[in-house]
Amino acid sequence: MGKVILIASGKGGTGKTVFTANAGAILARKGYRVALIDMDMGLRNLDLCLGLEDKVVYDLVDVLTGLCRIKQALIKDKRFENLYIMASPPSNKYVDITALHMSVLYKKLKENFDYILVDAPAGIGDAVLMSTAGADSAIIVTVPEHTAVRDADILYNILREHGISDIKYVLNKVKSEIITTGLVPSINEIADKLRADMVGIIQYDETIHIASNNGLPAVFKKGTYIEENFNNIVDRMIAQTK
Ligand SMILES: Nc1ncnc2c1ncn2[C@@H]1O[C@H](COP(=O)(O)OP(=O)(O)OP(=O)(O)O)[C@@H](O)[C@H]1O
Ligand SMILES: [Mg+2]
């Protein structure tokens with residue numbers, strides 16, 4: 001039976017989509033069957049981040065409204081053995097999705113996939129809350145900024161209220177030369193403020209930024225410190241979500 005992991009953040013732009021794409025690619029490379037679901041309705045990004053934007057025919061709402069079957073909306077990323085994405089709709093105008101829809105979708109996906117990573121929109125809006133229904137765990141992606149850290153802790157509370165008890169965080173966009181100066185919150189200060197446990201730290205690296213702008217997860221290139229770091233993070237995710 002598969003696991004659904006919600007990738008969320010309070011503040012926008014912390015790196016949820018980039019994290020979803022890279023962690024998904026690593027999981028697939030490890031031999032797991034992986035589905036990535038873009039829940040950022042009206043502002044989809046995951047297809048672009050993986051260079052699959054030209055392959056989107058059906059989306060999540062088409063599945064949930066019965067216009068197509070789940071299989072038809074799953075786009076295979078041919079660069080990885082078992083990596084699929086389901087795009088979100090290009091507009092949120094006609095969206096009438098409920099938590100029940102999401103839990104039924106998760107249940108069906110869990111029959112065929114080992115990991116389902118859900119790329120949530122930023123914040124604590126309806127799309128995030130309905131994505132919690134039936135999710136097994138959550139990873140909050142935050143960055144070393146007071147605003148992002150406070151929002152991450154508020155989100156932690158809300159996710160717990162919605163039934164997710166296994167919540168970890170990833171600290172993304174860390175600039176080692178600044179984080180030690182005291183000018184931005186330090187890693188220890190962030191750990192003290194957040195009730196969730198940390199699952200990993202990701203450096204701010206232009207390579208990650210450039211790769212995602214070119215439709216590639218940065219981990220595609222093997223043998224880099226970025227790939228090794230994501231590998232370690234994913235190993236911890238696997239160990240902690242058993
Ligand atoms: N570790 C990193 N190093 C450098 N750039 C990064 C890193 N992580 C993410 N980025 C860049 O930060 C920007 C935001 O990333 P991304 O779109 O993944 O954030 P998001 O949390 O999904 O945003 P949104 O809240 O809008 O959905 C992108 O330009 C991305 O390339
Ligand atoms: Mg995003």
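**Close-up views of a cavity and a helix**

**View 1. Strand 6 is the biggest contributor to the lining of the largest cavity, giving 3 residues.** This is a predicted model, in which local features need pLDDT of at least 70, side-chain atom pairs count only at pLDDT 80 or more, and totals for chains, interfaces and linings use all residues. Residues are numbered from 1 along each chain as its sequence is written, and side-chain values use heavy atoms, without hydrogens or water. Strand 6 (137-142) and helix 11 (225-240) each bring at least two residues to this lining; strands (E, at least two residues) and helices (H or I, at least four) are DSSP runs numbered from the N terminus.

**View 2. Here are the residues around the largest cavity: S137, A138, I139, D166, K168, V199, M237, Q240 and T241.** A cavity is a set of points on a 1 Å grid over the protein atoms alone where a 1.4 Å probe fits but cannot get out, and lining residues have an atom within 4 Å of a point. The space inside is about 40 Å³, as filled by probe spheres set on the points. Searching the whole structure turns up 1 cavity of 30 Å³ or more.

**View 3. Helix 5 (residues 99-112) has end C-alpha atoms 21 Å apart.** That agrees with the 20 Å expected for its 14 residues at 1.5 Å a residue, taking 1.5 Å times one less than the number of residues.

**View 4. M102, L105, Y106, L109 and K110 are the buried residues of helix 5 (under 20% relative accessible area, 1.4 Å probe, protein chains only).** They cover an arc of only 135° around the axis, so they sit on the same side of helix 5; the arc is taken from the directions from the helix axis to the C-beta atoms. On the other side, look for L100, K107 and E111, which are exposed (over 50%).

Key:
Chains are lettered from A and ligands numbered from 1 in the order in which they are written. On a 1 Å grid over the protein atoms alone, a cavity is a set of points where a 1.4 Å probe fits but cannot get out, and a pocket is an open set with protein on both sides within 12 Å along at least five of seven lines; lining residues have an atom within 4 Å of a point.
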